[in-house]
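The exercises below are meant to be worked through with the sequence and the structure side by side. Try each task before reading the solution that follows.

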Amino acid sequence: MSLLIAQNLTKNYQRGIEKVKALDNVSFAVNRGQFIAITGPSGSGKTTLLHILGCLDKPTSGEVYIDNKPVSKMTEKELDNVRRLKVGFVFQQFYLLPELNVIENVKLPLLFSGNPKKVEEEYIDEILNFLGIINRKKHKPNQLSGGEMQRVAIARSLVNKPEFILADEPTANLDTENGKKIFELLIKLVEKNITVIVVTHNNELANMAQKKIVLKDGVIV
Amino acid sequence: MTFRELALKSLYRHKIRNFLSLLGILSSVAVLYAILSFNKSFTNNLNDELNKTGVHFMVVSAGCPHEVASLVLHGAVIPKFLQPEIKNKLEEKLEGKYDILSPMLVFQIPNIQKQRIDLIYGLEMDNIKHLKPWWKISGKIPQNNNEVLLGYEIADHDKIKIGDKYRIKDEKDYIVTGIIEKTSSKDDAFIYVPLSEAQLISGQKNGITAVGVKLKKSEALNETIDILSREIPGIQIVTINQILTSISTLASGARVLSLSVVAIAILISTIGILNVILMTVFERTQELGMMRAIGASKTDIFRIIIEESIILTTTGGFLGIVFALLLSKVIEKFIKSFMPYVPQGDLVVFDPLLGFFCFIFAILLGIIAGFYPAFRATKISPIQAIKG
């Protein structure tokens, strides 16, 4: 059974008087524990697709099914719950809160979810250990390198034990070596049966994924 | 981590900006507490003071403005004198019905040597303990016509001690037999002399400006006033209740003015908080968008922002109350400077109920100031925020 299904997704924008088609009839399915890379040139609709999959945006037409439930039928509260408990987001720009240390940044989603899965300190330490930042627990973001900050962001996305991770250009702000390390970490997550969908314009890294979706002008090619 | 801890840490990001906003609320709540405490104590202390005098009513000359007549007990200078025979008529009409019948003469006289105006309060010295029972006097009350009792301010200003001499009208030296301890009221500025001597100094033989009367039976007050008003022409009677009302009315103008100033200060500081929180929301658009993306509901976002606002106002409010109490004497002196009459005693004091009210008020301010920025924050679209 597919964890995530995108069915005939179309997304139109109005830019001034110009109508822009960001996605055009995009369909695919993602199974549990798969590593998917969405790639393509700038403006091809990669990020728009990721946002729709993560319930941050709505398609103009078409449907997304998460665990066979149509997202368009979900209430605001149900969407909040999907973002809290099923999805883990990793952003290009990390978005760590500067006044919080590593452990506090990682635990931030628990504040919003109320920690229904009873996540314990040991589990958080396990994530930090897995990501190689256990010794940076008490450091503030300004004391970390770019690679470390992205690891913290990944740890934050994992804290609620999500079913899938959506990562938007997670290596864009990193050098090649750090970018590769982050990808290797994402692959390790897949080994732990977590589904990972990553948007990247880096073909070399995209080739490390099990499945590659290439978008061009909003269409899968 | 809790929402409050998160809000606190976020506030810490812009320490100086938030500290300045906090100072605004601190000052406003401090003034609010001080004024409310002052107003409450003013009424209570005035009541106490008038009740302690033991006088039921004052008799003054007819035609004297009511407000001035009300202040005669507290040293108001009345330009109109009662006719000399009035005292005798009062004694005659009230024979056997009064405990105290205390004539008094209050007037100003130039003190050329010290380049100022001396305020003279003449009264029968035996009546002092009835009229001003709260006074604490160092030394003793004058018994002879060459003796005076000085208010604290006069003695302190001129560095006069008991036994020293005080010259009135550049003519005669009086022995200072007593000095009144500080009352923080107009009483501090007077020179108290025996009535007959005051009449000599003023050149008004038998002149009196008012007579204070305490009846044996207070229930006979209305009836007595009716009789006196009818049978003694040329007098005006002001009861203690009327004095209380008149003084309160006199003070109400200043109180309304001060409360208006507080209201404006509160409005400005609330707008200041609103502005700071709104600025924070705009600056943190991406961050708040990220929170929405990782699962924060609109209510969560609203809560974070409103908590920041409430933390600012409650901290400012609490410190404001502490500040008002610490600086109570300075604040009191400042407010007294524009009040026509202030009763004796501490006026800005610790009052748990008032403190609680001010604290709740500060929380309300936080909610009011934070509501719009918090509402705006909930409208942030996570996609737009993340896209920047």
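**Exercise 1.** In this predicted model, decide whether B:Gln199 is buried or exposed, and find which residues it touches.

*Solution.* Begin with the accessibility: B:Gln199 has a relative accessibility of 12%, and since buried means under 20%, B:Gln199 counts as buried. Next, place the residue in its element, which is helix 7 of chain B. Then list its contacts, leaving out residues up to four places away in sequence: B:Gln199 touches B:Leu105, B:Gln204, B:Lys205, B:Asn206, B:Gly207 and B:Ile208.

**Exercise 2.** Extend the view to the whole of helix 7 (residues 195-202) of chain B, and state which of its residues are buried and which strands they pack against.

*Solution.* First collect the buried residues of the helix, which are B:Leu195, B:Glu197, B:Ala198, B:Gln199 and B:Ile201. Then look at what surrounds them: these buried residues pack against strand 2 (98-111), strand 3 (116-123), strand 6 (165-168), strand 7 (172-180) and strand 8 (190-194) of chain B. Finally, look just past the helix, where B:Gly203 follows with a positive phi near 80°.

**Exercise 3.** Examine the backbone of A:Tyr95 and A:Glu169, and say what sign phi has in each and where each residue lies.

*Solution.* Start from the general expectation that most residues other than glycine have a negative phi. Against that background, A:Tyr95 has a positive phi of about 50° although it is not a glycine, and A:Glu169, likewise not a glycine, has a positive phi near 45°. Now locate them: A:Tyr95 is in the loop between strand 6 and helix 3 (102-113) of chain A, while A:Glu169 lies in the loop between strand 7 (164-168) and helix 6 (176-191) of chain A. As a last step, check accessibility, which is 10% for A:Tyr95, a buried residue, and 9% for A:Glu169, which is buried as well.

**Exercise 4.** Determine which residues touch the most other members of the largest nonpolar core, and where this core lies with respect to the domains of chain B.

*Solution.* The core holds 109 residues, and A:Leu53, A:Leu108 and B:Met291 touch the most other members. Its largest share, 11 residues, comes from helix 2 (residues 15-53) of chain B. Domain 1 (3-48 + 251-387) and domain 2 (63-233) of chain B both contribute residues, so the core lies between them. To see one of its members in detail, take A:Leu53, whose contacts beyond four places in sequence include A:Phe28, A:Ile38, A:Phe164 and A:Ile197. Apart from this core lies another one of 38 residues, among them A:Leu96, A:Ile127, A:Ala155 and A:Leu174.

**Exercise 5.** Find how many cavities of 30 Å³ or more the whole structure has, and describe the lining of the largest cavity.

*Solution.* The search finds one such cavity, and the volume of the largest cavity is about 60 Å³. Its lining draws on both chains, with A:Arg83, A:Phe89, A:Asn160, B:Ala293 and B:Ile294 among the residues. Next, assign the lining to elements: helix 2 (76-86), strand 6 (87-90) and helix 5 (146-158) of chain A each supply at least two residues, and strand 6 of chain A gives the most, with three. Lastly, sort the lining by class, which yields five nonpolar, three polar and three charged residues.

Methods:
Residues numbered from 1 in each chain as written. Chains lettered and ligands numbered in written order. Predicted model: local features only at pLDDT ≥ 70, side-chain atom pairs only at ≥ 80, totals over all residues. Heavy atoms only, no water. 1 Å grid on protein atoms, 1.4 Å probe; cavity = no way out; pocket = protein on both sides within 12 Å on 5 of 7 lines; lining within 4 Å. Points joined across faces, edges and corners; volume = space filled by probe spheres on them. Helix = DSSP H or I, 4+ residues; strand = E, 2+ residues; numbered from the N terminus. Nonpolar A, V, L, I, M, F, W, Y, C, P; charged D, E, K, R; others polar. Core = buried A, V, L, I, M, F, W, Y, C linked by side-chain atoms within 4.5 Å. Buried < 20%, exposed > 50% of the residue type's maximum accessible area, 1.4 Å probe, protein only. Domains from an automatic or database assignment. Contact = heavy atoms within 4.5 Å.
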